[in-house]
Amino acid sequence: MKRSERLSAALHVLVHMAARPDAALTSAEMAAFVGTNPVVIRRGFAGLRQAGIVASAKGHGGGWRLARPPEAITLAEIQHALGERVVSLTAFDVPQPTCLILRAVTAALDEAMQEAERALDRRLATLTLADLAADARRLNAGSGHPHGEFHHGS
């Protein structure tokens, strides 16, 4: 099972946006949150903009904002907009085995992984960006960090 780095980075930035819904964030600010280049942010957030999750404006005072309240944005939507799964449950991409036992094992595992992905998708449809932001605030409050901004640990 492998977690999507691109999706994790997008969720990280989106939680920051949810914490400051009235503030527009520049691509450079967003990139600093996740240690990447602003071009990577702009490229990655294009799908989120097309899905109506974020909006952007150019010029002075411009930047990126959530297009809807965080309570109205599910993790399933974000995953779909980015075209990436939160986790990939596909273990192997191998040709059909010639051994009948391996065929049976592969078929059973494939079916189980598909079932797990459907269950994960159902759960992600119930989790919102507001839920993630609330969890982040709770963890930040417990960190002893004196400021309202999220503290980034090492």
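1. Buried means under 20% relative accessible area, exposed over 50%, and partly exposed in between. The model is predicted, and the points below apply these classes to its charged pairs and then turn to its nonpolar core.

2. Arg6 has a relative accessible area of 39%, so Arg6 falls in the partly exposed class. Its side chain meets that of Glu84 in a salt bridge, with N to O at 2.8 Å. The two partners come from distant parts of the chain, 78 residues apart: Arg6 sits in helix 1 (residues 5-19), Glu84 in the loop between helix 4 (75-82) and strand 4 (87-88). Glu84 is also partly exposed, at 22% relative accessibility.

3. The count of salt bridges comes to five. Besides the Arg6 and Glu84 pair, two that deserve comment involve Arg85, which forms salt bridges with Glu117 and with Asp121.

4. Between Arg85 and Glu117 the closest N and O atoms are 3.6 Å apart. Arg85 belongs to the loop between helix 4 and strand 4, and Glu117 to helix 5 (residues 100-124), so this pair ties together parts 32 residues apart in sequence. For Arg85 and Asp121 the N to O distance is 2.9 Å. That pair likewise links distant parts of the chain, the loop that holds Arg85 and helix 5 with Asp121, 36 residues apart.

5. Arg85, Glu117 and Asp121 are thus best read as a unit: a network of salt bridges links them. Accessibility within the network is mixed. Arg85 is partly exposed at 27%, and Asp121 is partly exposed, also with a relative accessible area of 27%. Glu117, at 17%, counts as buried, because its value is under the 20% limit.

6. The largest nonpolar core has 28 residues. Those touching the most other members are Leu14, Met17, Phe45, Leu48, Val54 and Ile78. At least two core residues come from each of helix 1, helix 2 (27-34), helix 3 (38-50), strand 3 (63-66), helix 4 and helix 6 (129-142). Helix 1 contributes the most, with eight residues.

7. Leu14 merits a separate look. Leaving aside residues up to four places away in sequence, Leu14 touches Phe45, Leu48, Val54, Leu66, Ile78 and Leu129. Among these, Phe45, Leu48, Val54 and Ile78 are named with Leu14 as residues that touch the most other core members.

8. Helix 1 therefore appears in both parts of this note: Arg6 of helix 1 pairs with Glu84, and helix 1 gives the core eight residues.

Note on methods. Residues numbered from 1 in each chain as written. Predicted model: local features only at pLDDT ≥ 70, side-chain atom pairs only at ≥ 80, totals over all residues. Heavy atoms only, no water. Salt bridge = Lys/Arg side-chain N within 4 Å of Asp/Glu carboxyl O. Helix = DSSP H or I, 4+ residues; strand = E, 2+ residues; numbered from the N terminus. Buried < 20%, exposed > 50% of the residue type's maximum accessible area, 1.4 Å probe, protein only. Core = buried A, V, L, I, M, F, W, Y, C linked by side-chain atoms within 4.5 Å. Contact = heavy atoms within 4.5 Å.
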